[in-house]
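Subject: Structure handover

Hello,

Here is the structure for you to look over. My notes follow below it.

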Amino acid sequence: MRHQKLLDAVTDGVERVDDLARELGVSPSTVRRGLTELEQAGRVVRTHGGAVPAPVGGELSWVQKGRQNAPAKRRIAERAAEMIEDDHMVLLDAGSTTAFIAERLAGRSGPTVLTTGTGPMSALLDAEGIELILVGGRLRRRRGAMVGEYVRGVLERVSADIAFLGADGLVPGRGINCPSPELAAAKELQARAARRTVVVADSTKIGADAEPHWALIPGPYTLITDDGLAPAARRAIEADPNCTPLIVPAPEAPRTPGRTG
């Protein structure tokens, strides 16, 4: 199968793997391999069950990213929120999945949340039971992330119970894939500032390495992901001695109205 035909179909609005397979007359596994290679080339963005065209002119905003695989991200966030005790000081990284964690905390009372992200901040603005601390810095708007020396100055003086880090990609044994060195540095600082590090990443992120920069995870960490993992990705996280995976059930694909069986 020529990748250009696959890219043309995605660009024309055919997004789901099964629909692409029917459109192109190939197997779903062939489509998945093609989408993986197109994603690595920066031409498409994988979603739960398919792909959409990569944005023109750079990275997705955190709002756009939040729409991708949102049901899986919400399940991951629900599991993450269960780890947080009422007396915890929590670091929430910038990102769409961490914003969903913040939404789960909005009705709680007791935790203190420090965040580098505008998404978690927005979710907790009216949460009177949460002590909210904003880690100021220079705003990277598309990511809704604070970066730079002001961030470093705060995080080097913090001792948190748990840090939740988002990821554009995660390669076990190497680290978290990031689009800029500043974002990578902020993740490393948060991991070092917490007694426990938890990476929250849906299954399409595991093994992804399309971005040019890396955040190293200092020591053991927990990974919360969904069970849509490719077999190779599952083997990789299970083989990493520093990674403790927590795999939540992937959401069921919506049924087509009128279809039975």
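Buried residues account for 49% of the 261 residues in the protein chain. Please keep in mind that this is a predicted model.

First, the chain as a whole. The protein chain holds 10 helices and 14 strands. It exposes about 12700 Å². Carbon and sulfur atoms supply 48% of that area. I also looked at contacts between residues at least 6 apart in sequence: 59% of them join residues at least 24 apart.

Next, one sheet that you may want to open in the viewer. It is an open sheet of three strands. The order is β9-β10-β12, and the pairing is antiparallel. Which strands form the edges? They are β9 (169-171) and β12 (213-215), and each of these pairs on one side only. On average, neighbouring strands of this sheet are turned by 35° against each other, direction ignored.

Now the pairing of β9 with β10. Strand β10 covers residues 175-178. β9 and β10 run antiparallel to each other and are joined over three bridges. Within this pair, V171 stands opposite G175 in β10. As a general reminder, strands of a sheet pair through backbone hydrogen bonds, either parallel or antiparallel.

Finally, what packs on this sheet? Helix α9, residues 181-193, does. Helix α9 touches β10 and β12. The direction of α9 makes about 10° with that of β12.

Best regards

Key: Residues numbered from 1 in each chain as written. Predicted model: local features only at pLDDT ≥ 70, side-chain atom pairs only at ≥ 80, totals over all residues. Heavy atoms only, no water. Pairing = 2+ DSSP bridges. Helix = DSSP H or I, 4+ residues; strand = E, 2+ residues; numbered from the N terminus. Axes fitted to C-alpha atoms, helices over the stretch in contact; angles between N-to-C directions. Contact = heavy atoms within 4.5 Å. Buried < 20%, exposed > 50% of the residue type's maximum accessible area, 1.4 Å probe, protein only. Areas by Shrake-Rupley, 256 points an atom, 1.4 Å probe, with all protein chains shown as cover.
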